[in-house]
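Work through the exercises below with the structure in view. Each task is followed by a solution in steps.

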Amino acid sequence: MAQAQAIQACWKEQAPLGAPIRKDQIRWYVSPLTRTGQTMQESWGELLTGVPEVWEDWREVYGSHTCDQRRTKVGFTMSEITIC
């Protein structure tokens, strides 16, 4: 979590210097695994604009942890993310 928060701090620092993170410059992709959504949310926070596109085949191997559980494409929102 600390690494993801450090990434967000870096993007916030770089945004005024022209980093390409405006809504018209970036598309968001995420796998349906819960922890990928968690990482995206922690890495980008309020810089996250729009709705991430969930790609079904972009995932790692399913594990036994709740953070490895698959999320459905329909109704996937960042507010549904749970912590392991």
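**Exercise 1.** State whether Ala-9 is buried, partly exposed or exposed, and find how far its C-alpha atom lies from that of Trp-44.

Solution.
- Step 1: Ala-9 is placed in helix 1 of this predicted model.
- Step 2: The relative accessibility of Ala-9 is 45%. Buried would require a value under 20%, and exposed a value over 50%, so Ala-9 counts as partly exposed.
- Step 3: Along the chain, Ala-9 and Trp-44 are 35 residues apart, and their C-alpha atoms are separated by 8.7 Å.

**Exercise 2.** Describe the surroundings of Gln-8, leaving aside its neighbours within four places in sequence.

Solution.
- Step 1: Gln-8, too, is a residue of helix 1.
- Step 2: With a relative accessibility of 12%, Gln-8 falls under the 20% cut-off and therefore counts as buried.
- Step 3: The contacts of Gln-8 are Gln-41, Glu-42, Ser-43, Trp-44, Gly-45, Glu-46 and Leu-47.
- Step 4: Two of these partners, Ser-43 and Trp-44, are themselves buried residues of helix 2.

**Exercise 3.** List the buried residues of helix 2 and name the elements they pack against.

Solution.
- Step 1: The buried residues of helix 2 are Thr-34, Gly-37, Gln-38, Met-40, Ser-43 and Trp-44.
- Step 2: An α-helix has 3.6 residues a turn, so residues three or four places apart point the same way.
- Step 3: The buried residues of helix 2 pack against helix 1 and strand 1.
- Step 4: After helix 2 comes Gly-45, which has a positive phi, near 50 degrees.

**Exercise 4.** Find the salt bridges of the whole structure and say which parts of the chain they link.

Solution.
- Step 1: The search returns two salt bridges. Side chains of opposite charge can pair when their charged atoms come close.
- Step 2: One salt bridge joins Glu-46 and Lys-12, with 2.7 Å between the closest N and O atoms. Lys-12 belongs to helix 1 (residues 2-14), while Glu-46 sits in the loop between helix 2 (34-44) and strand 2 (53-54), so this pair links distant parts of the chain, 34 residues apart.
- Step 3: Glu-46 is exposed, at 59% relative accessibility, whereas Lys-12 is partly exposed, at 36%.
- Step 4: The other salt bridge is between Arg-27 and Glu-53, at 2.8 Å from N to O. Arg-27 lies in the loop between helix 1 and strand 1 (29-30), and Glu-53 lies in strand 2, 26 residues apart.
- Step 5: Arg-27 has 55% relative accessibility and is exposed; Glu-53 has 29% and is partly exposed.

**Exercise 5.** Summarise the chain: what is the order of its elements, and what share of its residues is buried?

Solution.
- Step 1: There are two helices and two strands, in the order α-β-α-β from the N terminus on.
- Step 2: The chain has 84 residues, of which 30% count as buried.
- Step 3: Among contacts with a separation of 6 or more, 66% are between residues 24 or more positions apart.
- Step 4: The accessible surface of the chain is about 5,700 Å², and 56% of this belongs to carbon and sulfur atoms.

**Exercise 6.** Which element has the lowest mean pLDDT, and which the highest?

Solution.
- Step 1: The average pLDDT of the chain is 75, and 67% of the residues score at least 70.
- Step 2: Strand 2 has the lowest mean among the elements, 84, and helix 1 the highest, 91.
- Step 3: Where pLDDT is low, the predicted coordinates should not be read in detail.

How values were computed. Residues numbered from 1 in each chain as written. Predicted model: local features only at pLDDT ≥ 70, side-chain atom pairs only at ≥ 80, totals over all residues. Heavy atoms only, no water. Helix = DSSP H or I, 4+ residues; strand = E, 2+ residues; numbered from the N terminus. Buried < 20%, exposed > 50% of the residue type's maximum accessible area, 1.4 Å probe, protein only. Contact = heavy atoms within 4.5 Å. Areas by Shrake-Rupley, 256 points an atom, 1.4 Å probe, with all protein chains shown as cover. Salt bridge = Lys/Arg side-chain N within 4 Å of Asp/Glu carboxyl O. pLDDT = per-residue confidence, 0-100.
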